[in-house]
Amino acid sequence: MTAKGEARARVALQRLETLWLNTGTLCNLACKSCYIESSPANDALVYLSLAEAEAYLDEALLLGTREIGFTGGEPFMNRDMVAMLGAALGRGFDVIVLTNAMRPMRRFETELNALPRERLVMRVSLDHFTRAVHEAERGPRSWDKALEGLKWLGASGFRIAVAGRMLEDERTARSGYAHLFHELGISPEHLVLFPAMDAGADVPEISESCWGILGVSPAAMMCATSRMVVKARGADRPHVVACTLLPYDPRFALGSSLAGAGGAIPLNHPHCARFCVLGGASCSG
């Protein structure tokens, strides 16, 4: 129930369309508004191993999953990352990698160039189309390295997407990014703009009646079609969580198998409203 005594909205898993593998929370950057608090020192989620990833890839294959997403932290901090990419691609999945395209990724240039490209999308985080705003979030000297990584991916024939933040109206944001892409000589397939994630901002609770009031379908929520695998520090094995945004909250932990992670998820976290229901966003979008 919500604080007002209304029935809280819940979302059932309709199909496991996307399985996210969190490769660990260690990152070469410490961004100010990172929802997962990744940094060079945060290993609250430890590195996922190739063998652990392959077990979930095999289970996902049996469940008819279409897409595998790799996220972190910075996925390329994990030495098994390219091997995990190969394992996912070799099983016929569509694959998306969320990366900052900086030094951790660039150290694997030779290995990455050996991978097939058709089903692989490299989605690079670029917080804004200007250096000042991007570096205010990600730190000094992060802009040039990210752009160099983007250009390398484009020149190497990779399919590219870019993820940014919606800090102005959408038309202005898309125009600014389009100008930047033209200057860089790259042509990303997608530009995903995420809503601002202000953890201190007040958001309403989502009740069952909100679906009709807002004109939003439960089927459009991430937890209707995706799950994420994480491995907590000190744990013997990985486990499945309902949402990419909520890897630490025990209320969203669903056990060790994909088969047992299909229950209905109560939308009882502010991110549910902020990012998904009201923000209309999706990590796969």
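**Notebook: cores, sheet and salt bridges**

I looked first for the largest nonpolar core and found 52 residues in it, with Leu-21, Phe-70, Phe-76, Leu-85 and Leu-112 having the most contacts inside it. I took such a core as a set of buried Ala, Val, Leu, Ile, Met, Phe, Trp, Tyr and Cys residues joined through side-chain atoms within 4.5 Å, where buried means under 20% relative accessible area, exposed over 50% and partly exposed in between (1.4 Å probe, protein chains only). Helix H2 (residues 81-90) gives the most to this core, namely seven residues. Another core, of 36 residues, lies apart from it and includes Trp-211, Leu-245, Ala-273 and Cys-283.

I note that this is a predicted model, in which local features need pLDDT of at least 70 and side-chain atom pairs count only at pLDDT 80 or more, while totals for chains, interfaces and linings use all residues. Residues are numbered from 1 along each chain as its sequence is written, and side-chain values use heavy atoms, with hydrogens and water left out.

I then turned to H2, where seven of the 10 residues are buried: Met-81, Val-82, Met-84, Leu-85, Ala-87, Ala-88 and Leu-89. Helices (H or I, at least four residues) and strands (E, at least two) are DSSP runs, numbered from the N terminus. Among the elements covering these buried residues I listed helix H1 (50-62), strand S3 (67-71) and strand S4 (94-99), contact meaning heavy atoms within 4.5 Å. Just after H2, Gly-92 takes a positive phi of about 90°.

For the sheet, I read an open arrangement of eight strands in the order S7-S6-S5-S4-S3-S2-S8-S9, with mixed pairing; two strands pair if DSSP finds at least two bridges between them. Its edge strands are S7 (190-194) and S9 (239-241), each pairing on one side only. Strand S2 (residues 18-22) runs parallel to strand S8 (residues 226-230) over four bridges, and Leu-19 has Arg-227 as its bridge partner in S8.

Last, I searched the whole structure for salt bridges (a side-chain nitrogen of Lys or Arg within 4 Å of a carboxyl oxygen of Asp or Glu) and found 19. Asp-94 forms one with Arg-66, the closest N and O atoms being 3.1 Å apart; this pair links distant parts of the chain, with Asp-94 in strand S4 and Arg-66 in the loop between H1 and S3, 28 residues apart. Asp-94 counts as partly exposed because its relative accessibility is 21%, and Arg-66 is partly exposed at 37%.
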